[in-house]
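Please open the structure in your viewer and keep the sequence panel beside it. The tour below goes from one selection to the next and says what is found at each stop.

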Amino acid sequence: LRLEGLKSWTEEQGLLHFSGTAVYSTTVEFPGTASGRVELDLGDVREIADVRVNGAQAGVAWKRPYRIDVSKFVREGANSLQVKVTNLWTNAVVGMPQPDYTALRARFGVRFPDPPEWKRCRPLPSGLLGPARLVLSRE
């Protein structure tokens, strides 16, 4: 599946209850004249982002702000960026059928009502929501 733009997986047909990892990749031109610190600001990520720049492991972002220092990995010209994003298992669980308590109730009676959480649960936004950008700062 190829996504056009950064948006939640839950907005894509067939991905409403997907839980797992997706890979985002792009190529970015970087000017050789820039100096100082270079950070990849991923914007909003749901939930964990594993970043590679030009094939090298640059870091993992697991909380806000989702920023990785990529200074030592970028080079003049074309740079390949790969971000592996993993969401929570929640969306898969929400998509599971509700438990059938018929056999338990037949044997033990109705001791507890159906859990109300099943009726209210909705999938959570997932993926790289962005906006993603390279941030240059002078040190």
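## Start between two paired strands

Select Val53 and then look across to strand 7, where the bridge partner of Val53 is Leu81. The model you are looking at is predicted, and every stop on this tour should be read with that in mind. Widening the selection to strand 4 (48-53) and strand 7 (residues 77-86) shows the setting of this bridge, for strand 4 and strand 7 pair in the antiparallel sense over 6 bridges.

Keep Val53 selected and display its surroundings: leaving aside residues up to four places away in sequence, Val53 touches Ala58, Val70, Phe73, Val74, Ser80 and Leu81.

## The sheet of four strands

Now colour strands 1, 7, 4 and 5, which form an open sheet in the order 1-7-4-5 with antiparallel pairing. The edges of this sheet are strand 1 and strand 5, each of which pairs on one side only. If you look along the sheet, the twist from one strand to the next averages 20°. As a general background, strands of a sheet pair through backbone hydrogen bonds, either parallel or antiparallel.

## Asn79, a polar residue in strand 7

Select Asn79, which lies in strand 7. Is Asn79 buried or exposed? Its relative accessibility is 2%, and because buried means under 20%, Asn79 counts as buried.

Which backbone oxygen lies 2.7 Å from a polar atom of the Asn79 side chain? It is the backbone oxygen of Arg75, while the backbone oxygen of Gly77 lies 2.9 Å from a polar atom of the side chain of Asn79. With residues up to four places away in sequence left out, Asn79 touches Thr26, Thr27, Val28, Phe30, Asn54, Phe73 and Val74.

## The largest nonpolar core

Next, show the side chains of Leu42, Val51, Val53, Val70, Val83 and Val85, which are the residues with the most contacts inside the largest nonpolar core, a set of 22 residues. Two or more residues of this core come from each of strand 1 (21-30), strand 2 (37-41), strand 4, strand 5 (56-61) and strand 7. In soluble globular proteins, nonpolar side chains tend to be buried together.

## Strand 2 and the sheet of three strands

Move to strand 2, which is mostly covered, with 4 of its 5 residues buried. Strand 2 belongs to an open sheet of 3 strands, which has the order 6-2-9 and antiparallel pairing. Here the edge strands are strand 6 and strand 9, each pairing on one side only, and the twist averages 30° from one strand to the next.

To follow the pairing itself, select strand 2 together with strand 9, since these two pair in the antiparallel sense over 5 bridges; within this pairing, Leu40 stands opposite Leu134 in strand 9. Then turn to strand 6 (residues 67-69), which is joined to strand 2 by 3 bridges and runs antiparallel to strand 2. On that side, Asp41 stands opposite Arg67 in strand 6.

## The aromatic pair

How many aromatic pairs does the structure hold? There is 1 aromatic pair, and selecting Trp9 and Phe18 brings it into view. The ring centres of Trp9 and Phe18 are 5.4 Å apart and the planes stand at 65°, so the pair is edge-to-face. Trp9 is buried, with a relative accessible area of 3%, whereas Phe18, at 30% relative accessibility, counts as partly exposed.

## Two exposed arginines

For the last stops, select Arg138, which lies in the segment after strand 9 (133-137). At 65% relative accessibility, Arg138 counts as exposed. A distance drawn between the C-alpha atoms of Arg138 and Thr86 gives 32 Å, with their positions 52 residues apart in sequence.

Finally, select Arg107, whose place is in helix 2 (residues 102-108). Arg107 counts as exposed at 67% relative accessibility. Arg107 and Gly55 are 52 residues apart in sequence, and their C-alpha atoms are 58 Å apart in space.

Note on methods: Residues are numbered from 1 along each chain as its sequence is written. This is a predicted model: local features need pLDDT of at least 70, side-chain atom pairs count only at pLDDT 80 or more; totals for chains, interfaces and linings use all residues. Side-chain values use heavy atoms; hydrogens and water are left out. Buried means under 20% relative accessible area, exposed over 50%, partly exposed in between (1.4 Å probe, protein chains only). A polar contact is a pair of N or O atoms within 3.5 Å; within protein, one must be able to donate a hydrogen and the other to accept it, and residues adjacent in sequence count only if both atoms are side-chain atoms. Contact means heavy atoms within 4.5 Å. A nonpolar core is a set of buried Ala, Val, Leu, Ile, Met, Phe, Trp, Tyr and Cys residues joined through side-chain atoms within 4.5 Å. Two strands pair if DSSP finds at least two bridges between them. Axes are lines fitted to C-alpha atoms, for helices over the stretch in contact, and angles run from 0 to 180 degrees between N-to-C directions. Rings of Phe, Tyr and Trp (its six-membered ring) pair if their centres lie within 6.5 Å; planes under 30 degrees apart count as stacked, over 60 as edge-to-face and the rest as tilted.
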